[in-house]
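Biologist: I'd like to go through the charged side chains with you. Can you pull up the structure?

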Amino acid sequence: AWLTMAGFLLQFASAPAVVAPRRHPAVVGRASTIGGTPAVTDRTAVGTLSLPSLGIGTIAWNGKTEEDKARIAGVAAAAQARGLDFFDTAERYGASPLSLIPAALAGLGLPVDKSYLGGDCESNLAEWGRGATVATKFTPTPWRRQASDVVDAARGSCERLGVDSIDLYQLHMPDIIQPFRAFGVVDRKDEIYWDGLAEAYKSGLVRNVGVSNYGGALLERAQEHLARQGVPLVSNQIAFNLLCRREGSLATLEKGNELGVRTLAYYPLAMGLLTGKLAARNLRQAVLEKRVSPQRAADLCRYLEGGSGGTAGDIPRNGVLPLLEAVSDVAAARSKTPAQVALNWVMCKGAIPVGGASSVSQVEDNLGALGWRLEPSEVGQLDAAADDLPFDFKGAGFQTTDSKFVGYGFERWVLN
């Protein structure tokens, strides 16, 4: 039983103001040698960085075939050519579950190699993301027990990314992986990791530091802890979109605005639900073709049609349809796509949406979310439609908005 738990312990590899508050000014910066795209002028200050007001998440940028690698390289090149030069990754992105088994055993104190957490996406970005601004993340784990572990991990990320220093280094989540919690043993190391961020910052290994999946109270504690060492906390990455505002997400964003900590929003399109392109019949066909896991497809279908169970929980009949109708109405009036409106709504709340892009056409569509902002009345219209839904987006399958699946179960964080 111990080996079974250990073997899966770390299998989690396969993470209202209408305008941004004055403490988060939009700035004009140079994104690439190619001008004339909205990503060059629609930019936001995050610490010492000038970022496009829309980032690209790279969790899926781990091509297994030469065809996949060529496609992703083309997407990355197209994004940078259009000024979308902010890529978000993590040290654990790209790891296979089998590769993490030795690391899991090490977490229980057994004398095995504990060096590998993944890093394949970081290595790919050394080529595909050359010249871009890249943010990556440190993964809290049971065996990482000293501030020097954060510094060593940052150094490893630098090597994989092919850089001397990391633009933005984030803690991936609070220290929630506690395999002996059921036995009354909890060993939280958050403050140790904050000290590690400070050391990495002062050594020059990282230019800016941030956190991920922190609620308002923990965010304020982290900021105060780092400030005592002269280190500014510049960002907090959380799940945030029109369907994901309750459970502390909106309150956390507002706390970040108050503290001067920029929110980076992952799942800004709720795994595609807010694009208006997902259809239940297509999802079911994708399961038959083994392109989507049955668990993920079942949850997405519940959000679309209604139903009960899984990660989604209890969803009334017609699911997200009333909100999609409101988004589509605004999009039609604006001559925009629903995805562009949903992304722009996130920006209007003061956050930088960080969405995936698996094709050049997705890059082009995302680009259309920049260079303009919804009117206050439009933001209010969308807020009201979202408020009318009796549920929140919680993720799909094993990818959730408030937890990581770690083999023996889900370990959760709480934003509120």
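Biologist: Which side chains meet in a salt bridge at 2.7 Å, N to O?

Modeller: Keeping in mind that this is a predicted model, those are the side chains of Glu289 and Arg291.

Biologist: Is Arg291 buried or exposed?

Modeller: Arg291 counts as exposed, with a relative accessibility of 55%, while its partner Glu289 counts as partly exposed at 42%.

Biologist: And how many salt bridges does the structure hold?

Modeller: The structure holds 26 of them, including one between Arg188 and Asp190, where the closest N and O atoms are 2.8 Å apart. In that pair Arg188 is partly exposed at 42% relative accessibility, whereas Asp190 is buried at 7%.

Biologist: What about a network of salt bridges, which residues are linked there?

Modeller: Arg245, Lys349, Asp383 and Asp387 are linked in that way.

Biologist: Switching to helix H6, how far apart in the helix are Arg155 and Asp152?

Modeller: They are three residues apart in helix H6, which means that about one helical turn separates them, and their side chains meet in a salt bridge of 3.2 Å, N to O.

Biologist: Where does Arg144 lie?

Modeller: Arg144 is placed in the loop between strand S6 (133-138) and helix H6 (147-161). Arg144 is buried, at 9% relative accessible area, and its side chain makes a polar contact of 2.5 Å with the side chain of Glu91.

Biologist: Which residues is Asp149 in contact with, leaving aside neighbours within four places in sequence?

Modeller: Those contacts are with Phe138, Trp143 and Arg144. Asp149 itself lies in helix H6, and its side chain reaches the backbone nitrogen of Arg145 at 2.8 Å.

Conventions. Residues numbered from 1 in each chain as written. Predicted model: local features only at pLDDT ≥ 70, side-chain atom pairs only at ≥ 80, totals over all residues. Heavy atoms only, no water. Helix = DSSP H or I, 4+ residues; strand = E, 2+ residues; numbered from the N terminus. Buried < 20%, exposed > 50% of the residue type's maximum accessible area, 1.4 Å probe, protein only. Polar contact = N/O pair within 3.5 Å; in protein donor to acceptor, adjacent residues only side chain to side chain. Contact = heavy atoms within 4.5 Å. Salt bridge = Lys/Arg side-chain N within 4 Å of Asp/Glu carboxyl O.
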